[in-house]
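Student: Hi, I've got a model open and I'd like to talk it through. Can we go piece by piece?
Tutor: Sure, here it is.

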Amino acid sequence: MSVDPSSKPRNETEHERLDRQLMELLQGFRVATTGVQVLFAFLLTVPFSRGWSGVDGTGKALFYVALFGAALASICFIAPVFQHRILFQLNKKPLLIRRANRFGILGAFALALSITASTTLIVQTLAVDTAAVGTALAVLALCGWAWFVQPYLTRLSAGRRAEPEEDS
């Protein structure tokens, strides 16, 4: 369900709207990419740390999930920038915006997975398994709510308000 852009009053042309949307997406990716890169860099050093030999099979599985998630998130958040550079001046902004939005959502899923797995790995090495499971559930629930459920509910609510009322 989408909200009709014409119901949002702005004094801008279609071209100006596309420029603004693309810049907003790319700015959001800049913020997300910085966080992903820090997490990814941290994960790349973990196997070379002194405590790595004490990590069990579950911990290693969590590490691989976290590492893959950070790599996928990096790819997704960086892809729109390079696609924009390659498709520059070909009048493909609507396509770029749709792709960037999809990459952003996929990147957010991957980042949520990576954050959950890496946080759980750390808690698992410091505490009992029940604390690690609780941490995983809490982090996943927070990411899910803040990044996906809450905006989706707002989108549904906005879509209902935008629909014309039917006569009974």
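Tutor: Start with a term: helices are DSSP runs of H or I, at least four residues long, numbered from the N terminus. Also keep in mind that this is a predicted model.

Student: OK. Which helix is His-84 in?
Tutor: His-84 sits in helix H2, which covers residues 57-86.

Student: Is His-84 buried or exposed?
Tutor: Buried. Its relative accessibility is 17%, and the cut-off for buried is under 20%.

Student: What does His-84 touch, leaving aside neighbours within four places in sequence?
Tutor: Leu-22 and Leu-96.

Student: New topic. Where is Gly-107?
Tutor: Gly-107 is part of helix H3, residues 93-126.

Student: And is Gly-107 buried or exposed?
Tutor: Gly-107 is buried, at 0% relative accessibility.

Student: What is Gly-107 in contact with, again skipping neighbours within four places in sequence?
Tutor: Ala-73, Cys-76 and Phe-77. Take Cys-76: its C-alpha atom is 5.0 Å from that of Gly-107. Along the chain, the two residues are 31 residues apart.

Student: How many disulfides are in the whole structure?
Tutor: Zero.

Student: Why no bond for Cys-76?
Tutor: Its sulfur is too far from any partner. The closest cysteine sulfur belongs to Cys-143, and it is 15 Å away. A disulfide needs the two sulfur atoms within 2.5 Å.

Student: And what about Cys-143, looking from its side?
Tutor: The closest cysteine sulfur to Cys-143 is that of Cys-76, at 15 Å, so a bond is ruled out there too.

Student: Are these two cysteines buried or exposed?
Tutor: Cys-76 is buried, with a relative accessible area of 2%. Cys-143 is also buried, at 8%.

Student: Let's do charges. How many salt bridges are there?
Tutor: The structure has four salt bridges. One of them joins Glu-14 and Arg-17, at 2.5 Å from N to O.

Student: How are Glu-14 and Arg-17 placed in the helix?
Tutor: Both are in helix H1, residues 14-45. They are three residues apart, so about one helical turn separates them.

Student: How accessible are Glu-14 and Arg-17?
Tutor: Glu-14 is partly exposed, at 46% relative accessibility. Arg-17 is buried, at 18%.

Student: Which residue does Asp-19 meet in a salt bridge?
Tutor: Lys-93, with 2.2 Å from N to O. Asp-19 is in helix H1 and Lys-93 is in helix H3, so this pair ties together parts that are 74 residues apart in sequence.

Student: Are those two buried or exposed?
Tutor: In between. Asp-19 is partly exposed at 25% relative accessibility, and Lys-93 is partly exposed at 22%.

Student: Which residues are joined into one network by salt bridges that share partners?
Tutor: Glu-12, Arg-20 and Glu-24. In the bridge between Glu-12 and Arg-20, the closest N and O atoms are 2.7 Å apart.

Student: How accessible are Glu-12 and Arg-20?
Tutor: Glu-12 is partly exposed, with a relative accessible area of 25%. Arg-20 is partly exposed too, at 21%.

Student: Last one. Which residues form a nonpolar patch on the surface?
Tutor: Trp-145, Val-149, Tyr-152 and Leu-153. Together they have about 410 Å² of accessible area.

Student: Where is Leu-153, and how accessible is it?
Tutor: Leu-153 is in helix H4, residues 129-162. Leu-153 is partly exposed, with a relative accessible area of 44%.

Notes. Residues numbered from 1 in each chain as written. Predicted model: local features only at pLDDT ≥ 70, side-chain atom pairs only at ≥ 80, totals over all residues. Heavy atoms only, no water. Patch = residues over 30% accessible without salt bridge, like charges linked within 9 Å, V, L, I, M, F, W, Y side chains within 5 Å. Areas by Shrake-Rupley, 256 points an atom, 1.4 Å probe, with all protein chains shown as cover. Salt bridge = Lys/Arg side-chain N within 4 Å of Asp/Glu carboxyl O. Helix = DSSP H or I, 4+ residues; strand = E, 2+ residues; numbered from the N terminus. Buried < 20%, exposed > 50% of the residue type's maximum accessible area, 1.4 Å probe, protein only. Contact = heavy atoms within 4.5 Å.
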